[in-house]
Amino acid sequence: MEVAVDRCRCFTDGLVGFEIRAGGPITVTNLEMGPGLLTRAALHDEDLNMTLTEVTGLQTAASMATPDRRRSWAEPWKIKVVEPIRMMTREQRRQALATAAYNTFLLRSEEVYIDLLTDSGTSAMSDWQWAGMMMGDEAYAGSRNFYHLEEAVQHHYGYKYVVPTHQGRGAENLLSRMLIKPGDFVPGNMYFTTTRLHQELAGGTFVDVIVPEAHDPVAEVPFKGNVDLNVLEKLIQRVGADLVPYVCVAATVNMAGGQPVSMANMREVRELTRRHGIRIFLDATRAVENAYFIQQREAGYRERGVADILKEFCSYSDGCTMSGKKDSLVNIGGWLALNDPALYEEASNLVVVYEGLHTYGGMAGRDMEAMARGIVESVQDDHIRARVGQVEYLGQKLIKAGVPVVRPIGGHAVYLDARAFYPQIVQDQFPAQTLAALLYEDSGVRAMERGIVSAGRDSDTGEHHYPALELVRLTIPRRVYTQAHMDVTAESVVAVYHERPSARGLRMVYEPRYLRFFQARFSPL
Ligand SMILES: Cc1ncc(COP(=O)(O)O)c(C=O)c1O
């Protein structure tokens, strides 16, 4: 088999097993080594000094290895290092839960058996990423790892300028401070906790412009993350384009159940905002997972690689904030990407105040290297198929057992519908918080609340926000758990579901001022 590669940059280890002939388009033969090595080669050659920008056929190389009609799939990796986990007794878990004041964020991780609290910073890194950690250039300024990261973001996300930050909210802080002024309105496809807080701290008001189906857990709609164009247009007409600094589009939408945005919708949002001279900033935290859903669900994208789809998707925005702790397969890191040189200049100055110099932004050189490599791995079709496939596996098990979950199953998590579990618990008594606590007590599986506690209070009235969705998120870390862990999780969820009539709610006994879901304390009613 031969794959034509336009321009190629190869690292010495990537050369093993490849025959590369320079001149014209380079031809790479002997593909048994798999597309991974080729992609690795992308970032790491100083020796050959050729740049891989357009790799014709590379994305398809992954699919070429895949039979047209798969009966099943398996993870495209094997396990090299393991970390023991233990299950405590039910009585020990009951005590741990009481000590943690019924907030799963306050449990010690040693007290957890299967940790589905979050997919943030919980990924297992590959051997290639760990090898990159040893190549950390810990210079204060101009670390070579920053340039690798910059190149990876430019190449895969397509933006011109990259400002590193310690994680996603660092980028949100910079963007909000630069663009939002008091009295502004920031439309978004459903709120995200840290994103909305930074918008509010900068004096803005978040306005939800997601399609109405997103608030309905059982509406089987392929792109429940879409922006409602009518609602957006009406908002702009009502307040005036001058008071809308940008539209914030999240892909996928975490609070809606990990639901994607379609390419068509993104294109339309671009068109609408162009008419009004308004920017779009993407929350690209899970944009690779979003690109996978576009490939699977949207007409015209089935034959295109996820990397290619991602780049087109990002091309309809003016920049992005990014938590690298999700898609990018690292334990820490993020970035702000921009296309406007003036904004970049401002951001690379502001980052010095809040994060660190513009060539490290709060990260060690080794962290930037791991993230650069994680980006390359994250856009490979076989990786993302297995990642989303595992979430789907758990979701389908629960659906078959009759458990109420948000449908369709999202990209990074399965969301339990706590309202349907516990109709006897009113929202002020925190049904989802209760469900997360009872699940932990049953089996040591740690999940998190995504309902009234996460929604927080209205900054003007001080009243609770009452979101339509009252959910518990079973979030699957990337490359960490096996299908057996999913089976154990499903069994426990089903057991808790069967015991639903006996559940009682909770009372909040301590409420922190910011992002209360992290540290709030509860007692049983
Ligand atoms: C959609 C989304 N945006 C932004 C963030 C914030 O990122 P970080 O936790 O890295 O600050 C998160 C993290 O959970 C997220 O899920």
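**Exercise 1. Work out how the shell around the ligand divides into nonpolar, polar and charged residues.**

Solution. Sort the shell by residue class: 2 residues are nonpolar, 9 are polar and 3 are charged. Keep in mind, as you follow along, that this is a predicted model. Next, count the shell and look for its closest members: 14 residues surround the ligand, and the closest are Q167, G168, R169, T285 and S323. Then ask which elements give two or more residues to this shell; they are helix 7 (168–179) and helix 8 (193–201).

**Exercise 2. Decide how strand 10 sits in the structure, and find its partner strands.**

Solution. Start with burial. Strand 10 covers residues 319–323, and 5 of the 5 are buried, so the strand is largely enclosed by the rest of the structure.

Now take the two faces in turn. On one side lie G319, T321 and S323, and on the other C320 and M322; these residues are all buried, leaving both faces covered. You have met S323 already, among the residues closest to the ligand.

Finally, look for the partners:

- Strand 9 (residues 279–283) runs parallel to strand 10 and is joined to it by 2 bridges. In this pairing, D283 stands opposite T321.
- Strand 11 (residues 334–338) runs antiparallel to strand 10, with 5 bridges between them. Here G319 stands opposite L338.

**Exercise 3. Is V227 buried or exposed, and which residues does it contact beyond its neighbours within four places in sequence?**

Solution. First locate the residue: V227 belongs to the loop between strand 7 (205–208) and helix 9 (229–239).

Next, apply the cut-off. A residue is buried if 20 or more other C-beta atoms lie within 10 Å of its own. V227 has 27 C-beta neighbours inside 10 Å, so it counts as buried.

Then list the contacts, setting aside neighbours within four places in sequence: V227 touches N189, V209, I210, L232, V249, N265 and V269. For a distance check, try M190: the C-alpha atoms of V227 and M190 are 8.9 Å apart, while the two residues are 37 apart in sequence.

**Exercise 4. Step back and describe the protein as a whole: how many helices and strands are there, and what share of the residues is buried?**

Solution. Begin with the elements: the protein has 19 helices and 17 strands. For burial, take the 525 residues together; 51% of them are buried. Last, consider contacts between residues at least 6 apart in sequence: 70% of these join residues at least 24 apart.

How values were computed:
Residues are numbered from 1 along each chain as its sequence is written. This is a predicted model: local features need pLDDT of at least 70, side-chain atom pairs count only at pLDDT 80 or more; totals for chains, interfaces and linings use all residues. Helices (H or I, at least four residues) and strands (E, at least two) are DSSP runs, numbered from the N terminus. A residue is buried if 20 or more other C-beta atoms lie within 10 Å of its own, exposed if 12 or fewer, and partly exposed in between; C-beta atoms are placed from the backbone. Two residues are in contact if their C-beta atoms, placed from the backbone, lie within 7 Å. A residue is near a molecule or strand if its C-beta atom, placed from the backbone, lies within 6 Å of it. Ala, Val, Leu, Ile, Met, Phe, Trp, Tyr, Cys and Pro count as nonpolar, Asp, Glu, Lys and Arg as charged, and the others, Gly among them, as polar. Two strands pair if DSSP finds at least two bridges between them.
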